[in-house]
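Trainee: Could we go through this structure together, with the reasoning spelled out at each step?

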Amino acid sequence: MKTIKAFAPATVANVSCGFDVFGFAVEQPGDEVTLTLKKEPGVVVKKIEGDGGRLPLAPEKNTASVAVLAFLEAIDRKDEGVEIYLKKNLPLGSGMGSSAASAAAALVGINHLLGEPLQRKELLPFAMEAERVACGSAHADNVAPSLLGGFVLIRGYDPLDVVGIPTPEDLYCTLVHPHLELKTEDSRQVLRTSIPLKDAITQWGNIAGLVAGLMKPDFGLIGRSLKDVIAEPVRALLIPGFDEIKEKAVETGALGCGISGSGPTIFALSTERELASRTGKVIQQQFQKLKLESEVYVSKINTRGAKVV
Ligand SMILES: Nc1ncnc2c1ncn2[C@@H]1O[C@H](COP(=O)(O)OP(=O)(O)OP(=O)(O)O)[C@@H](O)[C@H]1O
Ligand SMILES: N[C@@H](CCO)C(=O)O
């Protein structure tokens, strides 16, 4: 009986201007998946810990098992027997890529258990399939950074074209997760389906600016480019105190601040760890004023992604 444990990190999707095309991984928190090869064929989710009984055990519904099933089918080993134990460390509906992390950890684990038949990048479509099952859309901006690590650009979806963008060594991410839940599916439904040309011009200027700022690196350019005129103005209404939070974060010295994924978690980027921690405290205090408890996480960009532990 062969067993393996894998970890996959939380991710910040969109990164303000890059709706559905940018995402990066952080060091912590993340989900852990333990997989065991069994004699009896079939994929079974044996146990989930940390979800308060809210996630499905049904293999066709849990992102960890959906990803494993898609993987086994692709490598023509549908008769394999796999037992999955999921330790859910990421809060649900948080904007930290929770469903993606379960799928990414499961894929890295099963690929390792079966002797690495596929390359990391080749695992992506299976994780995207799991995202489609969890939130109705097969976007890759959480699963790609969680699987591959680093800051990732999804240049195109058809065919899938994923590009790693180098990031400066001294870039720190603050995540503040208020105890609120927003379903990705719901926060996608509030978005406008067409964009005025003026907004599109602003957005693609910022997208290009963020990539250039990360690669040069130019922290001023990164800060100026962390702007979103498409999703944030609508989604901000779902996060209590968002405008003031953003203002305070930048006043504290963060390069920029926005909604992580579909929210309600807030992310900020800073050039020093101490500044990133201070920004976290300031954002937490803002939530406290609104009687909302929150957790703060500070980390560098995780360049490794999901791993066997
Ligand atoms: N392992 C899992 N299996 C099935 N559904 C999951 C799993 N983990 C999370 N989910 C569900 O997937 C849905 C999508 O939300 P998820 O938690 O990924 O969004 P999120 O953390 O807010 O991230 P983001 O906004 O960055 O996508 C939620 O309803 C959540 O309960
Ligand atoms: N790009 C996605 C990320 C959340 O899963 C969104 O903003 O809806």
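Mentor: Gladly, and please keep in mind that this is a predicted model. Over residues 211–278 the chain is 49% helix and 13% strand, with the end C-alpha atoms 26 Å apart.

Trainee: Which feature does UniProt place at residues 211–278?

Mentor: The entry that covers this stretch is unreviewed, so the name should be taken as an annotation that may be inferred rather than shown by experiment. For residues 211–278, the feature that UniProt gives is "domain: GHMP kinase C-terminal".

Trainee: How far apart are the end C-alpha atoms of helix α2 (residues 98–113), and what span should its 16 residues have?

Mentor: At 1.5 Å a residue, the expected span of α2 is 22 Å, and the model agrees with this. The end C-alpha atoms of α2 are apart by 23 Å.

Trainee: Is α2 mostly covered or mostly exposed, and how many of its residues are buried?

Mentor: A residue counts as buried if 20 or more other C-beta atoms lie within 10 Å of its own. By that criterion α2 is mostly covered, and of its 16 residues the number buried is 14.

Trainee: Which element gives the largest share of the largest nonpolar core?

Mentor: This core has 89 residues, and among those that touch the most other members are Ala103, Ala104 and Leu107. In soluble globular proteins, nonpolar side chains tend to be buried together. The largest share of the core, nine residues, comes from α2.

Trainee: How far apart do the C-alpha centres of domain 1 and domain 2 lie?

Mentor: The domain assignment gives domain 1 as 3–166 and domain 2 as 172–300. The distance between their C-alpha centres is 24 Å.

Technical notes: Residues are numbered from 1 along each chain as its sequence is written. Chains are lettered from A and ligands numbered from 1 in the order in which they are written. This is a predicted model: local features need pLDDT of at least 70, side-chain atom pairs count only at pLDDT 80 or more; totals for chains, interfaces and linings use all residues. Helices (H or I, at least four residues) and strands (E, at least two) are DSSP runs, numbered from the N terminus. The expected span of a helix is 1.5 Å times one less than its number of residues. A residue is buried if 20 or more other C-beta atoms lie within 10 Å of its own, exposed if 12 or fewer, and partly exposed in between; C-beta atoms are placed from the backbone. A nonpolar core is a set of buried Ala, Val, Leu, Ile, Met, Phe, Trp, Tyr and Cys residues joined through C-beta atoms within 7 Å. Domain bounds come from an automatic or database domain assignment.
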